[in-house]
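Colleague: I have a model open and want to go through its empty spaces with you. Can we start with whatever is closed off inside?

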Amino acid sequence: MILDTTLSLEQFIAVVRGGETVELSPAAQARIVRARAVIEQIVDGHQAVYGVNTGFGKFASVRVDRAQLAQLQHNLIVSHAIGVGEPLPAEVVRGMLLLRAQSLALGHSGVRPEVVDLLLALLNAGAHPVIPAQGSVGASGDLAPLAHLALALIGLGQLEHGGVVRPAAEVLSELGLTPLQLQAKEGLALINGTQLMGSLLALALHDARQLLGTANLAAAMTVEALYGSHRPFGADVVGLRPHPGALRVAEQLRHFLRGSQIAPSHAECGKVQDPYSLRAVPQVHGATDDALAQAARVLEVEFASVTDNPLIFPDTGEVVSGGNFHGQPLALTADALKVAVAELASISERRCEQLLNPALSGLPGFLAPEGGLNSGFMIAQYTAAALVSENKVLAHPASVDSIPTSANQEDHVSMGAHGARQLRQILEHAQTVLSIELMCGAQALDFQKLRAGQGVQAAYERIRETVPTMPADRFFQPDLLRLRTLVTSGTLLDVAQHA
């Protein structure tokens, strides 16, 4: 991939998860060089410019001698690399490397080309700085996490390469790479940015889109298993309240349910209406769909943004201290997606109750053929309920909090990294809850004698290739984990979509 002015989510995923290599475009190289020339002029002159020849944060008024400018940048990195907690997953770090390079390549940060070259060299080599997950308040960017990223660039800290964590200097040497000797402005340019929350949010958005399709599939399977009506999913019905997400969800439900033999078999059953967790799927899942669409718009802007400070304008030579590093746009988006994804799990757990409760389903209690002796899927619903309840805590908006930092210079912070990390947890919980519904839905379909809609039937058959029916109690946590892999890999959704 050629890195220039734009980056799509699809390109992001291809690099971060697919291992596609990245190189700077000639135009990006030229932009970087032009911005660097402005910094060199400042270094040679007498103007005081924040972060170039002054201290940082509350020390912005402290002038630093020219002979100490390299030390200033080095000190910035080592003093700010004080994150704590578990190391971030490699895919999150890869996203940070890519997004930091993308922002610097726009040519308003003032770094030398070799800074971006080293970021991309690590990315392409699969060498990932070890970055603790905690420490960002999401205001002057993700300072502590990005400082740990920058630490590896100067030969300090640790790098993970080939699944092994070693000292950064050792890995750089092995790869034939030279650690950076940071020059004026470069340390600051590396750590002022939203790349932790941006990487987390981009990965979560990609996975949440897939999960939404899986949620639609799970709902369609439950509708078939419970002899639910397809009529509420009609284009004419949903079209009377035409939110775009609801229309998209209803269309996918109809696709999964087409050709059903089950639906005609109960056309005259006398049931008036289904519970909300079945009947209102287009409206509930559709609201999540709309939230995902809004998140995609935010990320599209973020991927083409300069989140550094101060900003360099090569055409005029102007250097401006602004607020582009502030994480509020991503913080609010992460919080909205936390709620949106949590709701997919919440309504899924209620559909599990519909499947397992014999008073509601007309099926054997807990889908156990010989109830009493067997407990069936009773505790699977407990697990789903536990995860849904935990999501309620995680879904509390992180962005409503703010603790001033840097002696009140940074007096409003976004807490966007908190929200983005919580979103990742909520998403993992939702993947499990929907896997539980699919496992229960497949067991319920075992009691049907007719074929379900084509998409549902294809998914059911694929599930049964991996998870056999449960005629009697067994240790079936491994079944759930195998089914969850089908969900998270996108395999099950793909099978249903192409049926």
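Colleague: How do the residues of the lining of the largest cavity divide into nonpolar, polar and charged?

Modeller: There are 3 nonpolar, 7 polar and 1 charged. Ala, Val, Leu, Ile, Met, Phe, Trp, Tyr, Cys and Pro count as nonpolar, Asp, Glu, Lys and Arg as charged, and the others, Gly among them, as polar. Keep in mind that this is a predicted model, where local features need pLDDT of at least 70, side-chain atom pairs count only at pLDDT 80 or more, and totals for chains, interfaces and linings use all residues. Residues are numbered from 1 along each chain as its sequence is written, and side-chain values use heavy atoms, with hydrogens and water left out.

Colleague: What counts as a cavity, and what as a pocket?

Modeller: Both are sets of points on a 1 Å grid over the protein atoms alone: in a cavity a 1.4 Å probe fits but cannot get out, while a pocket is an open set with protein on both sides within 12 Å along at least five of seven lines. Lining residues have an atom within 4 Å of a point.

Colleague: How many cavities of 30 Å³ or more are there?

Modeller: The count is 2. The largest has a volume of about 70 Å³, a volume being the space filled by probe spheres set on the points, with grid points joined across faces, edges and corners. Its lining includes Leu99, Gln102, Thr194, Glu302 and Leu330. α4 (90-104) and α9 (195-225) each give two or more residues to that lining, and α4 gives the most, with 3. Helices (H or I, at least four residues) and strands (E, at least two) are DSSP runs, numbered from the N terminus.

Colleague: And what volume does the second largest cavity have?

Modeller: About 40 Å³. Phe377, Met439, Arg464 and Asp479 are among the residues lining it, and the lining divides into 6 nonpolar, 2 polar and 3 charged.

Colleague: Pockets next. Which residues lie nearest the centre of the largest one?

Modeller: Ser140, Leu143, Thr405, Ser406 and Glu410, out of 29 that line the largest pocket. α3 (69-80), α6 (143-153) and α8 (186-191) are the elements giving two or more residues to that lining. The volume of the largest pocket is about 550 Å³, and its lining has 11 nonpolar, 15 polar and 3 charged residues.

Colleague: Is α6 largely enclosed or exposed?

Modeller: Largely enclosed by the rest of the structure, because 11 of its 11 residues are buried. Buried means under 20% relative accessible area (1.4 Å probe, protein chains only). Leu143, which lies among the residues nearest the centre of the largest pocket, is one of the buried residues of α6. Just after α6, Gly155 takes a positive phi of about 85°.

Colleague: Which element gives the most to the lining of the second largest pocket?

Modeller: α18, with 6 residues. About 230 Å³ of space lies in that pocket. It has 13 lining residues, and Leu88, Ala133, Arg421, Arg424 and Gln425 are the closest to its centre.

Colleague: Different topic: in what sense do β6 and β7 pair?

Modeller: Antiparallel, over 4 bridges; two strands pair if DSSP finds at least two bridges between them. Gln158 stands opposite Pro167 in β7. The hairpin has 2 residues between the strands, and Gly162 takes a positive phi near 65° there. β6 also pairs with β4 in the antiparallel sense, over 3 bridges, with His161 in β6 as the partner of Ala127.

Methods: Buried means under 20% relative accessible area, exposed over 50%, partly exposed in between (1.4 Å probe, protein chains only).
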